[in-house]
Amino acid sequence: MYIGIDLGGTNIAAGVVDRSGKLICKRSVPTLKERHYSEIIKDMAALARTVAADAKLDDTDIEAVGIGCPGTIDSARGMVVYSNNIKMHNVPLADEFRSYVDVPVNIENDANAAAYGEYIANGNGAKSYIFMTLGTGVGGGIIINGQIYRGFNCAGAEIGHSSIVMDGVPCTCGRRGCLESYASVTALIQQTKDKMAQCPDSVMHGWVAKRGNVSGRTSFECAKMGDKAATEVKEQYIRYIAEGVCNMINIFQPEMLVIGGGISKEGDELLIPIKEFVKRNDYNKCMPRTQIKIAELFNDAGIVGAAMAAVNKA
């Protein structure tokens, strides 16, 4: 048995995973990310012990722990080189965690971990595989021959920071026009707010009034009601995602590309127009084409992927 931990800005999620990638049980606690990282690591270790107890396991039953953490990660040294979301700089996370739970510990970038989890779940042994996750930002991971691609310096596969609009919307990374600034759920919410300000008669106003806030679902749900403004927001947002997907396919020509994150639960509403766009616009017109799919594990991908990456290191 293995323990996977998904360290997020809002919650720490942990679960027990067997060698096949099956999630046995899971729990989560608030991250409270403004605290010193040492307190967060202590909570991660306590949560690991809790889920192990839930599965009626003790330390001797756990082969390894895998941790998915935001930021630039040096897996070989077990270091968080830099994380902006949860303030860490040159933190020996693996060693500090092992002071509480003395088992082998592997650390991965959180998006890489989620990508690996989805690959285990639905990659079907693809030799080349890309995972794109749409959430607060746009993350992702690349799996080549069953291994996580990290780049020579552990900073690779930052899919969200490829540019799709030259000199476009400012991005948190310092550039302009990044995919993340257009295709993240954060961007979708801003796009929805901007359209609502332009269209006071849109049914989106009533939808939001009943629920208290604009969300990633607002434009999709109101488009289903036939609202013109919502439909424009939704269609433009999907176009942004499709541009990013097409770029990744043109560069890598992977066997499979999978889209995850909360917005991916829209299913065919999202997937069909993306496939149509890629069919019209990708470079390859005469060779076998990339299979584009929706994720299966959703919020569990980070837990499963972190654990399974630890399986490979154990």
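This report walks through helix packing, charged side chains and a few notable residues in a predicted model.

## How the helices pack

Let's start with the helices. Two packed helices are described by the angle between their axes and the distance between the axes. Helix 3 spans residues 110–122 and helix 10 spans residues 301–313; their axes come within 6 Å and cross at roughly 85°. Angles of 65 to 115 degrees count as roughly perpendicular, so helix 3 and helix 10 are roughly perpendicular to each other. If you would like to find this crossing on your screen, the residues of helix 3 that take part are Ala-113, Ala-114, Tyr-116, Gly-117, Glu-118 and Ile-120. They meet a set of residues in helix 10 that includes Ala-301, Gly-302, Val-304, Gly-305, Ala-306 and Met-308. Ala-309 and Asn-312 of helix 10 also belong to this meeting.

A second pair is formed by helix 5 (residues 185–198) and helix 6 (residues 204–211), which pack at an angle of about 120° with their axes 10 Å apart. That angle makes helix 5 oblique to helix 6. On the helix 5 side you will find Thr-192, Lys-195 and Met-196, and these meet Met-204, His-205 and Val-208 of helix 6.

## Salt bridges

Next come the charged pairs. The structure holds 16 salt bridges. Three of them are set out here, each with the separation of the closest N and O atoms and the relative accessible area of both partners.

| Pair | Closest N and O atoms | First partner | Second partner |
|---|---|---|---|
| Asp-43 and Arg-35 | 2.9 Å | Asp-43: 26%, partly exposed | Arg-35: 25%, partly exposed |
| Arg-77 and Asp-74 | 2.8 Å | Arg-77: 53%, exposed | Asp-74: 14%, buried |
| Arg-289 and Asp-282 | 2.3 Å | Arg-289: 37%, partly exposed | Asp-282: 2%, buried |

Asp-43 and Arg-35 are each partly exposed. In the pair of Arg-77 and Asp-74, the arginine is exposed, whereas the aspartate is buried. Arg-289 is partly exposed, while its partner Asp-282 counts as buried. Elsewhere, Arg-217, Glu-221, Lys-224 and Glu-266 are linked in a network of salt bridges.

## Buried charges without a salt bridge

Now for two charged residues that have no such partner. Lys-293 lies in strand 13, which covers residues 291–294. Lys-293 is buried and has no salt bridge. The nearest side chain of opposite charge belongs to Glu-296, 4.4 Å away; a salt bridge needs the charged atoms within 4 Å, so this pair does not qualify. A polar atom of the Lys-293 side chain does lie 3.4 Å from the backbone oxygen of Asn-122. Asn-122 appears again among the contacts of Lys-293 beyond four places in sequence, together with Asn-124, Met-256, Leu-257, Val-258, Ile-259 and Leu-271.

Asp-18 sits in the loop between strand 2 (11–17) and strand 3 (23–30). Asp-18 is likewise buried without a salt bridge, and Lys-22 is the nearest side chain of opposite charge at 5.7 Å. The Asp-18 side chain makes a polar contact of 2.6 Å with the side chain of Ser-20. Setting aside neighbours within four places in sequence, Asp-18 is in contact with Met-1, Ile-24 and Met-308. Met-308 is also one of the helix 10 residues that meet helix 3.

## A buried valine in helix 8

Val-245 belongs to helix 8, residues 228–252. With a relative accessibility of 0%, Val-245 counts as buried. Beyond four places in sequence, Val-245 touches Met-132, Leu-257, Ile-259, Ile-274, Val-278 and Ile-292. Leu-257 and Ile-259 are also in contact with Lys-293. The C-alpha atoms of Val-245 and Thr-133 are separated by 11 Å, although these residues are 112 apart along the chain.

## Two residues with positive phi

Finally, two loop residues deserve a look at their backbone. Leu-32 is not a glycine but has a positive phi, near 50°. Leu-32 is placed in the loop between strand 3 and helix 1 (37–54), and at 52% relative accessibility it counts as exposed. Gln-253, another residue other than glycine, has a positive phi near 45°. Gln-253 is found in the loop between helix 8 and strand 12 (256–260) and is partly exposed, with a relative accessible area of 29%.

Notes: Residues numbered from 1 in each chain as written. Predicted model: local features only at pLDDT ≥ 70, side-chain atom pairs only at ≥ 80, totals over all residues. Heavy atoms only, no water. Helix = DSSP H or I, 4+ residues; strand = E, 2+ residues; numbered from the N terminus. Buried < 20%, exposed > 50% of the residue type's maximum accessible area, 1.4 Å probe, protein only. Lys, Arg positive; Asp, Glu negative; His and termini not counted. Polar contact = N/O pair within 3.5 Å; in protein donor to acceptor, adjacent residues only side chain to side chain. Contact = heavy atoms within 4.5 Å. Axes fitted to C-alpha atoms, helices over the stretch in contact; angles between N-to-C directions. Parallel < 35°, antiparallel > 145°, perpendicular 65-115°, else oblique.
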